[in-house]
Amino acid sequence: MKINENTLLEGNKVVLVPYNAEHVPRYHEWMKSPELQQLTASEPLTLEQEYDMQRSWREDDDKCTFIILDKQRWADSRVDEEQCMVGDVNIFLTDPTDPTLAELEIMIAEPGHRGKGIGKEVTRMMMSYGVAKLGVQKFEAKIGLNNKVSIAMFKKLHFQEVSVCQVFREVTLRATVDESVRATLLEDFAHVEERDYGQTRSGRRGHVSRRGAQKTSSCGAEPPSLS
Ligand SMILES: CC(C)(COP(=O)(O)OP(=O)(O)OC[C@H]1O[C@@H](n2cnc3c(N)ncnc32)[C@H](O)[C@@H]1OP(=O)(O)O)[C@@H](O)C(=O)NCCC(=O)NCCS
């Protein structure tokens with residue numbers, strides 16, 4: 001989807017940025033993990049296929065995706081954005097006849113970042129974004145029956161079981177956005193800061209080179225003012 005191609009969302013623990021080609025190598029490394037393949041019901045892709053997938057998430061009108069960054073790490077402008085990546089979150093408009101229905105997927109790929117409230121925060125942020133920007137009214141999550149953590153998280157977020165498919169060993173959970181849920185989500189979204197991704201990214205890079213400039217002039221000369 002093009003709608004979020006220049007959107008950065010800053011929450012409490014995370015920053016969400018659009019999925020770009022530069023993120024693909026790290027993403028591809030993550031998806032080599034048999035555990036993640038199993039938990040997300042994904043097939044391993046070649047690097048080339050992963051680039052194709054990234055392009056399709058960007059171009060197709062029915063898919064919206066963000067990369068999840070660790071905000072604390074990202075706040076240090078010396079750290080490359082790719083080094084801040086911890087996972088991804090997607091909305092997929094599954095029914096062409098009903099654009100208000102969306103499937104939501106989330107993955108905290110870095111094990112050290114799980115169990116710290118990131119999954120819950122990101123899911124809420126993505127639901128709020130879906131409601132406010134895409135007009136979503138119903139969210140579904142399809143989760144492997146063995147994925148107890150994910151099932152527990154979506155139930156905490158008021159998703160309810162609608163069906164179980166024994167063939168695929170998967171449960172479908174659903175949350176309908178009525179007026180009160182909508183109000184809560186939009187209230188949740190109030191603390192989220194939305195910014196221009198391109199500008200913020202080049203600001204971070206500029207900051208790095210400013211530090212570089214200060215360092216090279218440490219033999220005595222005052223660095224020039226760059227503001
Ligand atoms: C499932 C996943 C998204 C949850 O994100 P997370 O950041 O680890 O979860 P949070 O810390 O936000 O916790 C959210 C809820 O999940 C449940 N949960 C988290 N860790 C748990 C654990 N170790 N055991 C049981 N329940 C757990 C709890 O209900 C928790 O709510 P609470 O803290 O209010 O009790 C994440 O673990 C993940 O991506 N795992 C690997 C890939 C995956 O399974 N993706 C989902 C595919 S459908």
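This report walks through a predicted model of one chain, from its overall build to a few single residues.

## The chain as a whole

Let us start with the broad view. The secondary structure of the chain amounts to eight helices and nine strands. Its radius of gyration is 19 Å, close to the 17 Å given by the globule rule for 227 residues, so the chain is as compact as a globular protein of that length. Along the principal axes, the C-alpha atoms fill a box of roughly 70 × 40 × 30 Å. Of the 227 residues in the chain, 25% are buried.

An unreviewed UniProt entry lists residues 34-184 under "domain: N-acetyltransferase". Over residues 34-184 the chain is 36% helix and 29% strand, with 37 Å between the end C-alpha atoms.

## Around the ligand

The ligand is a good place to look next. There are 20 residues around it, and those that come nearest are L39, R114, G119, K120 and M153. By character, the shell divides into 10 nonpolar, six polar and four charged residues.

Several elements share the work of building this shell. At least two residues each come from α2 (34-39), β5 (101-108), α5 (118-134) and α6 (148-156). With five residues, α6 gives the most to the shell.

## Helix α5

Helix α5 rewards a closer look. It has 17 residues and reaches 23 Å from its first C-alpha to its last, close to the 24 Å expected at 1.5 Å a residue. The buried residues of α5 are I118, G119, V122, T123, M125, M126, M127, S128, Y129, G130 and V131. One of them, G119, is also among the residues that come nearest to the ligand.

As general background, an α-helix has 3.6 residues a turn, so residues three or four places apart point the same way. Just after α5, G135 takes a positive phi of about 70°.

## The β7–β8 hairpin

Further along the chain, β7 (residues 160-165) and β8 (residues 170-176) pair in the antiparallel sense over five bridges, and V164 stands opposite V171 in β8. The two strands form a hairpin with four residues between them. Is β7 buried or in the open? Of its six residues, the number buried is zero, so β7 lies largely in the open.

The turn has a backbone detail worth checking on screen. R169, in the loop between β7 and β8, has a phi near 50°, a positive value in a residue other than glycine. R169 counts as exposed because it has 12 C-beta neighbours inside 10 Å, and 12 or fewer is the cut-off for that class.

## Two more exposed residues

Between α6 and β7 there is another loop, and H158 is found in it. Phi of H158 is near 70°, again a positive value in a residue other than glycine. H158 has 12 C-beta neighbours inside 10 Å, so it counts as exposed.

Towards the other end of the numbering, E29 sits in helix α1 (residues 24-30). Is E29 buried or exposed? With 12 other C-beta atoms within 10 Å, E29 is exposed. E29 and L47 are 18 residues apart along the chain, and their C-alpha atoms are separated by 9.0 Å.

How values were computed:
Residues numbered from 1 in each chain as written. Predicted model: local features only at pLDDT ≥ 70, side-chain atom pairs only at ≥ 80, totals over all residues. Near = placed C-beta within 6 Å. Nonpolar A, V, L, I, M, F, W, Y, C, P; charged D, E, K, R; others polar. UniProt positions renumbered as here; feature names shortened; annotations may be inferred. Expected span 1.5 Å × (residues − 1). Buried ≥ 20, exposed ≤ 12 C-beta atoms within 10 Å, placed from the backbone. Pairing = 2+ DSSP bridges. Rg over C-alpha atoms; globule rule 2.2 N^0.38 Å.
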